[in-house]
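Please brief me on the open and enclosed spaces in this protein model. Start with the chain as a whole, then take the spaces one by one.

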Amino acid sequence: MDDEVISQEVSRRHFLRGVAAVALAYSALGSAQDTARRVKSRRTRAYVGTYTGAVGSGSNGEGIYSFDVNEATGELIGGKLAAKTPDPSWIAIHPSKKYLYAVNEVSDYKGDSGSVSAFGIDEASGELSALNVVSSEGAGPCYLSIDASGSYAFAANYGGGTIAVLPIRDDGSLGAATDVHRDSGHLGRTQAVDAPNGSYAVSGHDAPHAHMIAPDPQGSFALATDLGQDRIYTYRFDRRTGKLNPADRATFASLPSGDGPRHFAFHPNGHWIYAIQEEVSNVVLFDYDAAMGSLSPRQTISALPSGFAGTSFASEILVSLDGKFLYAANRLHDSIAAFSIGVDGTLRWIGETSTMGDYPGQCRIDPSGNFLYACNRRSDSITCFRIHRDTGQLVFTGQYTAVGSPASITFLA
């Protein structure tokens with residue numbers, strides 16, 4: 001091959017390499033733009049359940065509301081009524097993100113029961129469409145959770161003292177309960193033994209009152225609190241049949257008489273459970289045996305500041321997404337206590353923050369882990385706090401969202 005031919009071949013190769021490089025660059029640019037468009041089109045929505053009734057009755061909501069979430073500031077934007085339904089005091093979203101479920105905290109559904117409503121979620125608009133309503137198998141349902149497979153919903157009926165397992169059909173609708181358990185027998189004291197000085201906190205020790213039920217991280221067991229009995233029950237869960245069976249041993253863990261266990265939260269490691277007690281306003285750390293479903297108490301710490309005297313009702317407990325901090329809400333004191341979580345799971349008080357509202361019930365951390373929202377039922381507002389990811393401290397963002405009698409908030413991202 002002569003020099004001229006060699007020169008032409010080299011030039012042709014350089015040209016082809018250049019064309020390939022340009023094509024690759026444009027491809028990368030297009031891919032980046034597509035990714036940016038997808039990121040921009042993604043949004044986080046918030047759904048808020050409320051207590052409903054006549055305006056001025058203390059139940060000023062109309063059903064379930066939806067909001068867009070500003071992920072940079074935490075602001076809840078463009079609120080609208082997504083579904084009109086009675087007293088949806090607790091809501092949960094299906095793992096597929098296609099369905100939303102709400103308890104209806106009533107006692108007159110087809111007799112003396114409460115109910116659970118199923119809704120389809122419109123991906124584009126966020127609007128809810130009713131699928132069906134079934135009995136919760138007990139009066140006054142106050143809590144709802146969904147198993148990780150999306151096959152079952154679990155309902156706790158405060159007034160009826162029952163827990164129920166509800167199958168979820170392929171179309172998102174609910175079936176009749178596959179299992180119902182009613183607590184009976186032992187009741188705790190009317191007032192907590194270890195309540196703060198001067199406390200007149202009295203909740204529900206007149207009868208068994210199921211307050212929460214949720215599956216463990218492995219889905220092998222379901223745990224349920226009974227406020228009236230001062231117990232946390234453990235049931236082995238058969239996902240094939242939808243049945244709850246008592247655990248092999250230690251079918252319940254007892255709290256001091258009158259404390260009133262309300263809610264619990266798992267640590268991300270699945271080995272620690274933190275329970276909040278309504279009447280005594282404290283947090284108890286339990287070691288959790290995931291193989292046996294048993295609970296062993298290891299630490300008790302107050303959710304109220306040192307020296308507090310008077311009446312307050314604890315309401316909610318949350319663990320940060322990174323497992324470094326825990327938050328506990330107090331009604332009447334209207335505060336959120338913050339704790340750091342040690343390497344052994346024990347808690348250390350790091351401060352408290354006013355909820356900037358009256359009677360906070362449920363609180364929730366958004367999917368980013370950057371914001372905490374408090375539902376202030378009596379002041380008809382949801383307040384937003386930025387979480388300092390290094391210190392765990394909460395800082396009020398200055399944002400109030402007007403919602404009549406907000407009871408619960410959850411997010412779809």
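The points below cover the chain, its two largest pockets and its cavity.

This is a predicted model. The chain is built from 29 strands and 1 helix. Its largest pocket holds about 1400 Å³ of space, and the second largest has a volume of about 490 Å³. There is also 1 cavity of 30 Å³ or more.

**Chain overview**
- The chain has 413 residues, and 55% of them count as buried.
- Contacts between residues at least 6 apart in sequence were examined, and 50% of these join residues at least 24 apart.
- The exposed area of the chain is about 17700 Å². Carbon and sulfur atoms supply 51% of that area.

**Largest pocket**
- This pocket encloses about 1400 Å³.
- It is lined by 44 residues, and those closest to its centre are Tyr143, Ser145, Ile146, Ala214 and Arg364.
- Seven strands are listed as each supplying at least two lining residues: strand 4 (90-93), strand 8 (141-146), strand 12 (210-215), strand 17 (261-266), strand 21 (313-319), strand 25 (360-365) and strand 29 (406-412).
- By class, the lining counts 27 nonpolar, 10 polar and 7 charged residues.

**Second largest pocket**
- The volume here is about 490 Å³.
- Tyr51, Glu105, His211, Arg262 and Arg331 are the closest to the centre among the 24 lining residues.
- Strand 17, strand 25 and strand 29 each give at least two residues to this lining. Strand 25 has the largest share, with 3 residues.
- The lining divides into 10 nonpolar, 9 polar and 5 charged residues.

**Strands that serve both pockets**
- Strand 17, strand 25 and strand 29 each supply at least two residues to the lining of the largest pocket, and each does so for the second largest pocket too.

**Cavity**
- How much space lies in the largest cavity? The figure is about 50 Å³.
- Its lining consists of Ser320, Leu321, Asp322, Phe325, Tyr327, Ile365, Gly369, Ile387, His388 and Arg389.
- These residues split into 5 nonpolar, 3 polar and 2 charged.
- Ile365 of the cavity lining falls in strand 25 (360-365), one of the strands that also line the largest pocket.

Key. Residues are numbered from 1 along each chain as its sequence is written. This is a predicted model: local features need pLDDT of at least 70, side-chain atom pairs count only at pLDDT 80 or more; totals for chains, interfaces and linings use all residues. Side-chain values use heavy atoms; hydrogens and water are left out. Helices (H or I, at least four residues) and strands (E, at least two) are DSSP runs, numbered from the N terminus. Buried means under 20% relative accessible area, exposed over 50%, partly exposed in between (1.4 Å probe, protein chains only). Contact means heavy atoms within 4.5 Å. Accessible areas come from the Shrake-Rupley method with a 1.4 Å probe; for residues, only the protein chains shown count as cover. On a 1 Å grid over the protein atoms alone, a cavity is a set of points where a 1.4 Å probe fits but cannot get out, and a pocket is an open set with protein on both sides within 12 Å along at least five of seven lines; lining residues have an atom within 4 Å of a point. Grid points are joined across faces, edges and corners, and a volume is the space filled by probe spheres set on the points. Ala, Val, Leu, Ile, Met, Phe, Trp, Tyr, Cys and Pro count as nonpolar, Asp, Glu, Lys and Arg as charged, and the others, Gly among them, as polar.
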